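Visitor: I should like to learn how to read a few features of this structure. May we begin with charged side chains?

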Amino acid sequence: MEVTGGRYCGETVRGRMEGRGSYTLPTGTEYRGELKDGMFHGEGVLLFPGGGRYQAVWHRGVPAEGKYTFADGLEYKDEKWHYCDGYDRRFYTEICSGLKPAGISQLTNLDPPRKIPAGCYDCGDGFYNPETRIVVDYKLRFLRNADDDEHEWIIRTCWKAEDETTGHKPKQ
């Protein structure tokens, strides 16, 4: 584990992860569940630092079937996924709690939205700085360096700090 920077706590057989255990990756993502021959194998869950979770049945390190649940409780569906599509653009919190009164916009699923550092973009799992091409999580810990494709996608589609909001300002 020292080579990869991960931490393992659990059963071993011949020095390999096997049985029930917990493996934490350097990114903070944690796997809890069954392992065999050093790989995720059987029932287990990946717990992501932002609160999301992926519950799955694994076979030799590959999920055979699984379900992703976002931090706010929304469950992702492979088929007939109608969340925030062209027909219904509401956020999950609006579906659960209702829409705000006319003239009051909700720009993200969070209300009030996160404060994005100056010059950066909110790319869904953290903040992206286009000057350094680094993505950090919402606690400002390093996640990854963005390649050219990710850089272009973020610049094209994500919300930038300088973007001004108009209308309603949430109470602090």
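Visitor: How many salt bridges does the model contain?

Guide: Side chains of opposite charge can pair when their charged atoms come close. In this predicted model, the count comes to 9 salt bridges.

Visitor: Which residue meets Glu75 in a salt bridge, and at what N to O distance?

Guide: The partner of Glu75 is Lys67, and the N to O distance is 3.4 Å. Glu75 has a relative accessible area of 35% and is therefore partly exposed. Lys67 is also to be read as partly exposed, because its relative accessibility is 38%.

Visitor: Which residue forms a salt bridge with Asp125?

Guide: Asp125 meets Arg144, with 2.8 Å from N to O. Asp125 lies in the loop between β7 (121–122) and β8 (127–129), while Arg144 is in strand β10, so the pair ties together parts that are 19 residues apart in sequence. Asp125 is partly exposed at a relative accessible area of 35%, and Arg144 is partly exposed at 24% relative accessibility.

Visitor: Which residues are linked with Asp125 in a network of salt bridges?

Guide: The network links Asp125 with Arg144 and Glu150.

Visitor: What is the partner of Arg133 in a salt bridge?

Guide: Arg133 pairs with Asp148, and their closest N and O atoms are 2.7 Å apart. Arg133 belongs to the loop between β8 and β9, and Asp148 to helix α2 (residues 148–157), so this salt bridge ties together parts that are 15 residues apart in sequence. Arg133 is partly exposed, at 28% relative accessibility. Asp148 counts as exposed, because its relative accessibility is 53% and the cut-off for exposed is over 50%.

Visitor: How should one read the sides of a helix? Which residues of α2 are buried?

Guide: An α-helix has 3.6 residues a turn, so residues three or four places apart point the same way. In α2, the buried residues are Glu150, His151 and Ile154. They cover an arc of only 105° around the axis, which puts them on the same side of α2. Glu150 thus has two entries in our discussion: Glu150 is a buried residue of α2 and a member of the salt-bridge network with Asp125 and Arg144.

Visitor: What covers that buried side, and which exposed residues does the face turned away from it carry?

Guide: The cover of the buried residues includes β7, β8, β9 and β10. The face of α2 turned away from the buried side carries the exposed residues Asp148, Asp149 and Arg156.

Visitor: Which residue caps the N-terminal end of α2?

Guide: Asp147 is the cap: one of its side-chain oxygens lies 3.2 Å from the backbone nitrogen of Asp149.

Visitor: Let us turn to the backbone. What is the sign of phi at Arg14 and at Leu140?

Guide: Most residues other than glycine have a negative phi, and most peptide bonds are trans. Arg14, however, has a positive phi, near 50°. Leu140 likewise has a positive value, with phi near 70°.

Visitor: Where do Arg14 and Leu140 lie, and are they buried or exposed?

Guide: Arg14 is in the loop between β1 (7–13) and β2 (16–24), and Arg14 counts as exposed because its relative accessibility is 78%. Leu140 is in the loop between β9 (134–136) and β10 (142–145). At 54% relative accessibility, Leu140 counts as exposed.

Note on methods. Residues are numbered from 1 along each chain as its sequence is written. This is a predicted model: local features need pLDDT of at least 70, side-chain atom pairs count only at pLDDT 80 or more; totals for chains, interfaces and linings use all residues. Side-chain values use heavy atoms; hydrogens and water are left out. Helices (H or I, at least four residues) and strands (E, at least two) are DSSP runs, numbered from the N terminus. Buried means under 20% relative accessible area, exposed over 50%, partly exposed in between (1.4 Å probe, protein chains only). A salt bridge is a side-chain nitrogen of Lys or Arg within 4 Å of a carboxyl oxygen of Asp or Glu. The arc is that of the directions from the helix axis to the C-beta atoms. Contact means heavy atoms within 4.5 Å. A polar contact is a pair of N or O atoms within 3.5 Å; within protein, one must be able to donate a hydrogen and the other to accept it, and residues adjacent in sequence count only if both atoms are side-chain atoms.
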